[in-house]
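Reader: I'm happy with gels and assays, but less so with coordinates. Could you walk me through how to read a few features?

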Amino acid sequence: MLDCAIIGGGPAGLTAGLYTTRGGLKKVTMFEMGMPGGQITQSSEIENYPGFFEHGKTGMDFMETWQEQCFHFGLKHEMKKVERVAKTGEHFTITLEGGETVEALTAIVATGSTPKRAGFKGEDEFFGKGVSTCATCDGFFYKDKPVTVLGGGDTALEEAFYLSNICSDVYVVHRRDEFRAAPPTLERVKRKENIHLITDSVIEEAYGGVMGLEGVKIRNLKTNEIIDMKNTGLFVFVGHNVRNEVLRDENGEFICEVNNWGQVVVDLNMKTNVKGLFCAGDMRIQAPKQVVSAAGDGAVAALQVISYIQELA
Ligand code: FAD
Ligand code: NAP
């Protein structure tokens, strides 16, 4: 029986591993289906993690030492995909791909989320080289420069507002003339002089060269007119997929409370409404979707796990 099963090896899962093992738990295994590191390993540069400020270091470089540190303190890594986490009496049964099961007193689920892609030409080619899904991460690279935002939901408009305080102009491209975002958010955006709404339009193409994105072509769906927006960063906010599959039972029902968008409901201690089950990082409600906050969540969850196990003794 494990003291703690950690599902997901991104910043939240790794930090949970560090704090549980360094805090004295002997039997902790992190199940990560790929190499540990999480989404940030796709990043070409990180500027906003406190204490880490080295130009030219990629997300992959950044996460390498996290693993070493965790394994040094006794965290075990199994490179396996978890199919399901179930509460069996007072403990948890973790079902791995292929059917093998592992028992654990507690579980920290930190399987993250993935920003959806919109599907236009050049999106994948220039992802991380001018096409971004994170304004907090990459907005500063466009200080006093124009940027384009795709999407018409709350995230797109809130992030457009955030970018408007950094960038010279923000062009919001939305495929309809009505916005999905909450009306007060839309009104606030409309009042901001340097945000320009381009409706009934899509990104036709993101183009550039070896140095990255050089511009985007925006097509009006009604007139077919193309606007060629040169020298712009492109931020895509067309929704997120929360990776919450492991929390569904055989009938497809969630074993703990999740909100309408599939985000796991936790309190400030990262506790779910199931005793002994914690969630951390991008998959939880109100996640800022940053490495520093995911790591913080992992630490909080780990400290709670240690207290929980002490109380069981
Ligand atoms: P994730 O990093 O998503 O990790 C979850 C892990 O769980 C993954 O490794 C996945 O393989 C694993 N997993 C999922 N399901 C299963 C399963 N069933 N079984 C086993 N393993 C599973 N943030 C910043 O602070 N600064 C930045 O500059 C920045 N830049 C970014 C650039 C890019 C391109 C991207 C995509 C994100 C960026 N972010 C940045 C956001 C940051 O990466 C995330 O907020 C952070 O990684 C979330 O950590 P997490 O541990 O919650 O989840
Ligand atoms: P969302 O509400 O699903 O909106 C996605 C937007 O992207 C929509 O405007 C959609 O257009 C557009 N879109 C989707 N696919 C596209 C494509 N392939 N090409 C072009 N455009 C595309 O996602 P979200 O904004 O990330 O919000 C997710 C949930 O979190 C929402 O329920 C939202 O209310 C909530 N949220 C709340 C807050 C808050 O309360 N402060 C903040 C952020 C998010 P259509 O409108 O035409 O479908």
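Author: We'll go through the ligand's surroundings and then the cysteines. This is a predicted model, so to speak of local features we need pLDDT of at least 70, side-chain atom pairs count only at pLDDT 80 or more, and totals for chains, interfaces and linings use all residues. Residues are numbered from 1 along each chain as its sequence is written, chains are lettered from A and ligands numbered from 1 in the order in which they are written, and side-chain values use heavy atoms, leaving out hydrogens and water.

Reader: Which residues come nearest to ligand 1?

Author: A residue is near a molecule if one of its heavy atoms lies within 4 Å of it. Here 32 residues surround ligand 1, and Glu32, Gln39, Asn48, Asp282 and Val291 come nearest. The shell divides into 13 nonpolar, 13 polar and six charged residues. For that split, Ala, Val, Leu, Ile, Met, Phe, Trp, Tyr, Cys and Pro count as nonpolar, Asp, Glu, Lys and Arg as charged, and the others, Gly among them, as polar.

Reader: Which helices each supply at least two residues of that shell?

Author: Helices are DSSP runs (H or I, at least four residues), numbered from the N terminus. Helix H1 (11-22) and helix H6 (291-312) each supply at least two shell residues.

Reader: And how do I read polar contacts?

Author: Look for a pair of N or O atoms within 3.5 Å. The side chain of Gln39 has an N or O atom 2.9 Å from an oxygen of ligand 1, and for the side chain of Gln290 the distance to a ligand oxygen is 3.0 Å. With Asn48, a nitrogen of ligand 1 is 2.8 Å from a side-chain N or O atom. Taken alone, ligand 1 exposes 1,000 Å², and the protein buries 95% of that; such areas come from the Shrake-Rupley method with a 1.4 Å probe.

Reader: Which cysteines form a disulfide?

Author: A disulfide is a pair of cysteine sulfur atoms within 2.5 Å. The structure holds one: Cys134 and Cys137, with sulfurs 2.0 Å apart. The torsion about their S-S bond is about 70°, so this disulfide is right-handed.

Reader: Is Cys134 buried or exposed?

Author: Buried means under 20% relative accessible area, exposed over 50%, partly exposed in between (1.4 Å probe, protein chains only). Cys134 is buried at 16%, while Cys137 is partly exposed at 25%.

Reader: Why is the sulfur of Cys279 not bonded to the one in Cys256?

Author: Because those sulfurs are 5.3 Å apart, too far for a bond, although Cys256 has the closest cysteine sulfur to Cys279. Cys279 is buried, at 0% relative accessibility.

Technical notes: A polar contact is a pair of N or O atoms within 3.5 Å; within protein, one must be able to donate a hydrogen and the other to accept it, and residues adjacent in sequence count only if both atoms are side-chain atoms.
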